[in-house]
Amino acid sequence: MEKPAKEACRCRRLRKADIESVMAMNRDYREGFICREQALAFLGDEGCWLFAAMLEQTVIGFAYGYALREACREEGFCRFFLTAYRNNEGANALYRKLGGQVSGESRGGDIVYHFPVDAAF
C-alpha cells in the first residue's frame with residue numbers, strides 16, 4: 001500500500017482570516033511580541049505584509065514588513081533600523097547583503113542594523 005503524499009512546505013501572504021496562525025506564531029516564536037488587536041490591524045493594512053512558510057497548518061517560518069522606506073522618505077528621515085535574532089543566520093545574511101550596517105544590540109541578543117533611506121535594495 002502506498003503512503004499518502006506528505007504536504008509540501010508552501011509560502012503565502014497571511015490575511016485577517018489567518019489570525020489564529022499569527023497568534024500561534026506569537027506564542028511559538030516570540031511570546032508577547034504582538035497582541036491580537038495589533039495583529040488584526042497589521043493584517044488589514046495593505047501597506048503591511050506577513051508571509052509565512054507553512055507545513056500543513058503549522059507556521060515553520062515567517063517574514064513581515066511594511067512600506068517603511070517610503071514612509072521614512074515622506075517624513076524626511078535619513079535612515080531606519082531593523083533587528084534580527086543573533087542566531088537567525090538567514091535574516092542576518094540578507095540584511096548584510098542589502099547593505100545593513102550593524103549599529104548595536106538590543107535586549108535579548110538581537111542584532112540591530114541601520115539602512116540609509118535612499119539606499120537601493
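## Helix α2: two sides

On one side of helix α2, Glu37 and Ala41 are exposed, where exposed means over 50% relative accessible area, buried under 20% and partly exposed anything in between, using a 1.4 Å probe and protein chains only. Flip to the other side of α2, which spans residues 36-44, and you find Ala39, Phe42 and Leu43 buried. Those three sit on the same side because they cover an arc of only 95° around the axis, the arc being that of the directions from the helix axis to the C-beta atoms. As a reminder, an α-helix has 3.6 residues a turn, so residues three or four places apart point the same way.

## What you're looking at

This is a predicted model, where local features need pLDDT of at least 70 and side-chain atom pairs count only at pLDDT 80 or more, while totals for chains, interfaces and linings use all residues. Residues are numbered from 1 along each chain as its sequence is written, and side-chain values use heavy atoms, with hydrogens and water left out.

The protein has four helices and six strands, running β-α-α-β-β-α-β-α-β-β from the N terminus. Both kinds of element are DSSP runs numbered from the N terminus: H or I with at least four residues for helices, E with at least two for strands.

## Burial, surface and contacts

Of the 121 residues in the protein, 29% are buried. The exposed area is about 8,600 Å², with carbon and sulfur atoms supplying 55% of it; areas come from the Shrake-Rupley method with a 1.4 Å probe. Take the contacts (heavy atoms within 4.5 Å) between residues at least 6 apart in sequence: 51% of them join residues at least 24 apart.

## The aromatic cluster

There are three aromatic pairs in the structure. Rings of Phe, Tyr and Trp (its six-membered ring) pair if their centres lie within 6.5 Å; planes under 30 degrees apart count as stacked, over 60 as edge-to-face and the rest as tilted. Phe80 and Phe115 are stacked, because their ring centres are 5.4 Å apart and their planes at 15°. Phe80 is in strand β4 (residues 79-85) and Phe115 in strand β6 (residues 110-116), so this pair ties together parts 35 residues apart in sequence. Both Phe80 and Phe115 are buried.

Tyr95 and Tyr113 go edge-to-face, at 5.4 Å centre to centre with 75° between the planes. This pair links helix α4 (residues 89-97), home of Tyr95, to strand β6, which holds Tyr113, 18 residues apart. Tyr95 counts as buried at a relative accessible area of 18%, and Tyr113 is buried at 0%. Phe80, Tyr95, Tyr113 and Phe115 together make one aromatic cluster.
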